[in-house]
Amino acid sequence: QVQLVESGGGLVQPGGSLRLSCAASGSIRSIGAMGWYRQAPGKQRDLVARITSGGTTNYADSVKGRFTISRDNAKNTVSLQMNSLKPEDTAVYYCNALISPLGVRGTGDYWGQGTQVTVSS
């Protein structure tokens, strides 16, 4: 069974930094794009950053220049380095990946359980 497990959330002061990590595990044939989404209370889940298997990245305008997404294809991990954090970055952050499991035809859209990021003084 394929799963994504996130780590690294927490409480940080405005201007601080956090690093989120996500590891895919299970019987995996290949992984396509990986990304991070976030959802604040009462709001929809929005894309924060995304990275293809070839390393092409795209970011939400609100995080450009502050957040950096990276991945390690050998370890099936994706990370999000978040700098200069603002109170409006407070949300539950979800890892997402397009994964082709072993022995299964096609690609599935997988999500982590979410990790809370709170930016507050």
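The following legends describe close-up views of a predicted model.

**View 1. The disulfide of Cys22 and Cys95 joins strands E3 and E9.** A search of the whole structure finds one disulfide. Its partners are Cys22 and Cys95, whose sulfur atoms lie 2.1 Å apart. The angle about the S-S bond is -80 degrees, which makes the link left-handed. Cys22 belongs to strand E3 (residues 18–25) and Cys95 to strand E9 (residues 91–101), so the pair ties together parts that are 73 residues apart in sequence. Both ends of the link are buried: Cys22 has a relative accessible area of 1%, and Cys95 has one of 0%.

**View 2. The open sheet has four strands in the order E1-E3-E8-E7.** Pairing in this sheet is antiparallel. E1 and E7 occupy the edges, each with a single partner strand, so one side of each is left without a neighbour in the sheet. From one strand to the next, the twist averages 15 degrees. Strands of a sheet pair through backbone hydrogen bonds, in either the parallel or the antiparallel sense.

**View 3. Strands E1 and E3 pair in the antiparallel sense.** Five bridges connect the two strands. Among the facing residues, Val5 has Ala23 of E3 as its bridge partner, and Leu4 stands opposite Ala24 of E3. Side chains alternate along E1 (residues 3–7). Leu4 and Glu6 point to one face and are buried, whereas Gln3, Val5 and Ser7 point to the other face and are not buried. The two facing pairs can be read against these patterns: Leu4 is on the buried face of E1, and its opposite residue Ala24 is on the buried face of E3. Val5, in contrast, is on the face of E1 that is not buried, and its partner Ala23 is likewise among the residues of E3 that are not buried.

**View 4. Strand E3 has alternating side chains and pairs with E8.** Leu18, Leu20, Cys22 and Ala24 point to one face of E3 and are buried. Arg19, Ser21, Ala23 and Ser25 point to the other face and are not buried. The disulfide partner Cys22 thus belongs to the buried set, with a relative accessible area of 1%. E3 and E8 run antiparallel and are joined by six bridges. In this pairing, Leu20 stands opposite Leu80 of E8.

**View 5. Arg38, Arg66 and Asp89 are linked in a network of salt bridges.** In the contact of Asp89 with Arg38, the closest N and O atoms are 2.9 Å apart. This pair links distant parts of the chain, with Asp89 in the loop between strand E8 (77–82) and E9, and Arg38 in strand E4 (residues 28–39), 51 residues apart. Both Asp89 and Arg38 are buried. In the contact of Arg66 with Asp89, the closest N and O atoms are 2.8 Å apart. Here too the pair links distant parts of the chain: Arg66 is in the loop between strand E6 (57–59) and strand E7 (67–72), and Asp89 is in the loop between E8 and E9, 23 residues away. Arg66 and Asp89 are both buried.

**View 6. Lys64 and Asp61 form a salt bridge between exposed residues.** The structure holds three salt bridges, one of which is the contact between the side chains of Lys64 and Asp61. The N to O distance for this pair is 3.1 Å. Lys64 and Asp61 are both exposed, whereas Arg38 and Asp89 in the network of View 5 are both buried.

**View 7. Pro41 is an exposed loop residue.** Pro41 is found in the loop between E4 and strand E5 (46–51). The relative accessibility of Pro41 is 75%, so this residue counts as exposed. Pro41 and Val92 are separated by 51 residues in sequence and by 8.5 Å in space, C-alpha to C-alpha.

How values were computed: Residues are numbered from 1 along each chain as its sequence is written. This is a predicted model: local features need pLDDT of at least 70, side-chain atom pairs count only at pLDDT 80 or more; totals for chains, interfaces and linings use all residues. Side-chain values use heavy atoms; hydrogens and water are left out. A disulfide is a pair of cysteine sulfur atoms within 2.5 Å. Buried means under 20% relative accessible area, exposed over 50%, partly exposed in between (1.4 Å probe, protein chains only). Two strands pair if DSSP finds at least two bridges between them. A salt bridge is a side-chain nitrogen of Lys or Arg within 4 Å of a carboxyl oxygen of Asp or Glu. Axes are lines fitted to C-alpha atoms, for helices over the stretch in contact, and angles run from 0 to 180 degrees between N-to-C directions.
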